[in-house]
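Me: I am new to this structure and would like a close look at a single part of it. Please start there, then follow the contacts outward. Short sentences, please.

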Amino acid sequence: MNLARSANGETFPPQFLVLCFIDTPRYIAGALPFCIDRSMERLAYRIEDSGWFVRFNSVQVLPQVADTGDDRAISVLIDMLADKDQHVRSAAVESLSEVVFKDDRSVHQTLSVCMEDPNPLLREAAAQALPQVAERGDEFVASVLFPHLEDVDARVKKAVKESLKLLGRDDLVSSLRAAGTAKKR
């Protein structure tokens, strides 16, 4: 699938480009809120599409047309965490972290549930998203991540280590490493 590139290197799926093209005259006329509402409306139909790739692209585009804290977008993304496709679910986690206000406790709880999912792709996405939605040093988020330092999936372990560092909790990584060394003796 061809994706268009913006000047700063971001890629946009064709659905987004069509939405922008259709709504450009309204934007020029000064009706930006109307344009975004219409784009959100169109995305809502795409998110219910039977094709996983269409849903995946729609979920990825949603943060670009939604305001931070937009309850409609957050609700749709939380619903998409139950999608049957793992790629759609992981994209929903990533997009959710882009749409919510930092330190939204309900999202911390939602992402903590994702950390327990059997799918490593979703656990990895949640581990990467948690420090983006939490304040540095957040104890709850650190406590959610910590057990996954020993995850069976190497990508999840790596994401958790990086996330704990971003949270300023390198001490947890070091303490686990020290405990592992002590067990081997």
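Reply:
**Helix 4 and its surroundings**

At the start of helix 4, a side-chain oxygen of Asp70 comes to within 2.8 Å of the backbone nitrogen of Arg72. Bear in mind that this is a predicted model.

Now go along the helix. Which residues of helix 4 are buried? They are Ala73, Ile74, Leu77 and Met80. These four cover an arc of only 125° around the axis, so they sit on the same side of helix 4. The spacing fits a general rule: an α-helix has 3.6 residues a turn, so residues three or four places apart point the same way. What sits on the face turned away from the buried side of helix 4? That face carries the exposed residues Asp71 and Asp79. So one side of the helix holds the buried set, and the opposite face holds two exposed Asp residues.

Next, step past the end of helix 4. The loop between helix 4 (71-80) and helix 5 (86-99) contains Asp83. Asp83 is buried, with a relative accessible area of 11%. Its partner is Arg55: the two form a salt bridge, with the closest N and O atoms 2.8 Å apart. Arg55 belongs to helix 3, so this pair ties together parts that are 28 residues apart in sequence. How buried is Arg55? Its relative accessible area is 4%. Buried here means under 20%, so both Arg55 and Asp83 count as buried. As a general point, side chains of opposite charge can pair when their charged atoms come close.

Arg55 leads us into helix 3, which runs over residues 52-65. Here the theme changes from charge to rings. A search of the whole structure finds three aromatic pairs. One of them joins Trp52 and Phe53. Their ring centres are 5.4 Å apart and their planes stand at 80°, which makes the pair edge-to-face. Phe53 also pairs with Phe56. In that pair the centres are 6.0 Å apart and the planes meet at 25°, so the rings are stacked. Where do Phe53 and Phe56 lie? Both are in helix 3, three residues apart, about one turn of the helix. Trp52, Phe53 and Phe56 together form one aromatic cluster. Cover varies within the cluster. Trp52 is partly exposed at 39% relative accessibility. Phe53 is partly exposed as well, at 33%. Phe56 has 17%, so it counts as buried.

Go back to the loop and continue into helix 5. Ser97 lies in this helix. Ser97 is buried, with a relative accessible area of 8%. Leaving aside residues up to four places away in sequence, it touches Ala129, Gln132 and Val133. With Gln132 the contact is a polar one, side chain to side chain, at 3.1 Å.

These partners bring us to helix 7, which covers residues 120-133. Another residue of this stretch is Glu124. The side chains of Glu124 and Arg155 meet in a salt bridge, at 4.0 Å from N to O. Arg155 is in helix 9 (residues 154-166), so the pair ties together parts that are 31 residues apart in sequence. The two ends differ in cover: Glu124 is buried at 16%, whereas Arg155 is partly exposed at 43%. Arg155 has a second salt bridge, to Asp153, with the closest N and O atoms 3.5 Å apart. Asp153 is buried, with a relative accessible area of 16%.

How many salt bridges are there in the whole structure? The search finds nine. Elsewhere, Asp103, Arg105 and Asp138 are linked in a network of salt bridges.

Last, place all this in the full chain. The secondary structure comes to 10 helices and two strands. Along the sequence the pattern is β-β-α-α-α-α-α-α-α-α-α-α. The chain has 185 residues, and 42% of them count as buried. Take the contacts between residues at least 6 apart in sequence: 58% of them join residues at least 24 apart. The accessible surface is about 10,300 Å², and 55% of this surface belongs to carbon and sulfur atoms.

Methods. Residues are numbered from 1 along each chain as its sequence is written. This is a predicted model: local features need pLDDT of at least 70, side-chain atom pairs count only at pLDDT 80 or more; totals for chains, interfaces and linings use all residues. Side-chain values use heavy atoms; hydrogens and water are left out. Rings of Phe, Tyr and Trp (its six-membered ring) pair if their centres lie within 6.5 Å; planes under 30 degrees apart count as stacked, over 60 as edge-to-face and the rest as tilted. Buried means under 20% relative accessible area, exposed over 50%, partly exposed in between (1.4 Å probe, protein chains only). The arc is that of the directions from the helix axis to the C-beta atoms. A polar contact is a pair of N or O atoms within 3.5 Å; within protein, one must be able to donate a hydrogen and the other to accept it, and residues adjacent in sequence count only if both atoms are side-chain atoms. Contact means heavy atoms within 4.5 Å. Accessible areas come from the Shrake-Rupley method with a 1.4 Å probe; for residues, only the protein chains shown count as cover.
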